[in-house]
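Trainee: Please take me closely through one part of this model, and then show me how it sits beside a few other local features.

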Amino acid sequence: MRYVWYVGYLALLLCAGRVTAQTHTLRQLEAQRQAALREIEQTTLLLNEARASAQTSLNRLHLISQQVIARKKVISLLNQEIAVLDKQIADATRELAVLEKSLNDRKERYAQLVRNLYTRRASQHRLLFVLSADNFAQSLRRMRYLREYASWQKMQALLIVRKQEELDKKREELGQTRTDKVALLDAREEESRKLQQEESEQKAEVQQLNKKEKDLRQKLVQKRRQAEALNRQIEKLIAEEVKKSGKASSGKRKAETSGGYAMTKAEQKLSADFASNRGRLPFPLNGKYRIISTFGEHQHQELRHVRTNNNGIDIQTTSGTEARAVFDGVVTRVFVVPGYNNSVIVRHGNYLTVYGNLSHVYVKAGDNVTTRQSIGKIYTDTENNNETVLHFQLWKEKRKLDPELWLD
């Protein structure tokens, strides 16, 4: 009987370990789901602002597509959470069965003990047991045994009470788990409904853009030319600064690479500090945002005839949002390029960050800026869905880098 009790106790310990691991997994999944829902909330805010105009645009389609992807992720995470709860319910049901069997066995043994004591007329039986000893020492041992036996009886009764409390608690936990599962099923149903609506909106947006293919192609050509003009301007300004730094070096400046920007010791330290913060730089704006165009050349996921090439990233935000410096540095240029309005270059040693499409600029060439300092207000295009988009680039010397790899 004791062996059976140990096996049951071991099974309960194993179940408890599984429940702890499952609870940890459930919390991780819920955290990921909440993060995905926050992404959807940000995208919804940007889309609501864009819906102020009836026009369609690539940026709107990109936002809708991102929302569809995030919604699918939420549903996938909900499915995983439900699977974990199903496992918890199954484990808890088995654990309840073990607890109920253990409790019933204890109750049965205790009931038998009580019946035996009553049948033997417990008080007389105990007295005879003591008096029938061969000597006084044996009588003392028998008395001590009876006291210990009485304590054991009380302990058995107490264990039955505790076991009953444990069983009740486990039943309550199982009921709560089943309630949580129902809530997740309802949430999944609601997310599926929203996904269906967003996919319909996405399909309608694609159809509208396909109808305007000629106009879209012209806009893309114009955008490409504007991007090339911005790139040429940046390269020209960088070349001018490299040449200027070389002339002013006189042994006090040192370039990291041949033909690169010659830095002072202070700039070398700033450059090293900037590089050490790769992956931890703050986003170049405050407030809600979504990246709507990533670095490099890409085939549009919905429009087969559309390819885009980006020297940085485009970040859509809400009207009135300000651009901010991602690190300490010095403003080297403020210039204007058609399509990108005002642009600002900030130097961080031999690294440079570019902030394009600003309607107002708060800094001028030569100004020192600090991390997260506002440098300008991002332009809002009232003729194109009220879109507010910051164009952000990151360079090292004359080489373009993917900004997303550097941002937190």
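**Salt bridges and one short helix**

Mentor: A salt bridge, meaning a side-chain nitrogen of Lys or Arg within 4 Å of a carboxyl oxygen of Asp or Glu, joins the side chains of arginine 71 and glutamate 191, with an N to O distance of 2.7 Å. Arginine 71 belongs to helix α2 (residues 58-119) and glutamate 191 to helix α4 (residues 136-211), so this pair ties together parts that are 120 residues apart in sequence. The model is predicted, and local features need pLDDT of at least 70 while side-chain atom pairs count only at pLDDT 80 or more, although totals for chains, interfaces and linings use all residues. Residues are numbered from 1 along each chain as its sequence is written, and side-chain values use heavy atoms, with hydrogens and water left out.

Helices (H or I, at least four residues) and strands (E, at least two) are DSSP runs numbered from the N terminus. For accessibility, buried means under 20% relative accessible area, exposed over 50%, and partly exposed in between, with a 1.4 Å probe and protein chains only. Arginine 71 counts as buried because its relative accessibility is 5%, and glutamate 191, at 8%, counts as buried as well.

The structure holds nine salt bridges, and one of them leads to helix α6, the part to examine closely. Lysine 269 pairs with aspartate 273, their closest N and O atoms being 3.0 Å apart, and both residues lie in helix α6, four residues apart, about one turn of the helix. An α-helix has 3.6 residues a turn, so residues three or four places apart point the same way. Lysine 269 counts as exposed at 53% relative accessibility, whereas aspartate 273, at 29%, counts as partly exposed.

Helix α6 has 12 residues (265-276), and at 1.5 Å a residue they should span 16 Å, which agrees with the 17 Å between its end C-alpha atoms; the expected span is 1.5 Å times one less than the number of residues. Its buried residues are Glu267, Ser271 and Phe274. They cover an arc of only 60° around the axis, which puts them on the same side of α6, the arc being that of the directions from the helix axis to the C-beta atoms. These buried residues pack against β2 (262-263), β9 (341-348), β10 (351-361) and β14 (387-396), where contact means heavy atoms within 4.5 Å. The face turned away from the buried side carries the exposed residues Lys265, Ala266 and Lys269, so the exposed partner of the salt bridge, at 53% relative accessibility, is found on that outer face.

Two of the strands packed against α6 also lead to unusual backbone angles. Most residues other than glycine have a negative phi, and most peptide bonds are trans. Asparagine 341, which is not a glycine, nevertheless has a positive phi of about 50°; it lies in strand β9 and counts as partly exposed at 26% relative accessibility. Glutamate 397, in the loop between β14 and β15 (399-401), is likewise a residue other than glycine with a positive phi, near 55°, but with a relative accessible area of 10% glutamate 397 is buried.

Elsewhere, aspartate 367 forms a salt bridge with lysine 364, the closest N and O atoms being 3.2 Å apart, and lysine 364 is exposed, with a relative accessible area of 54%.
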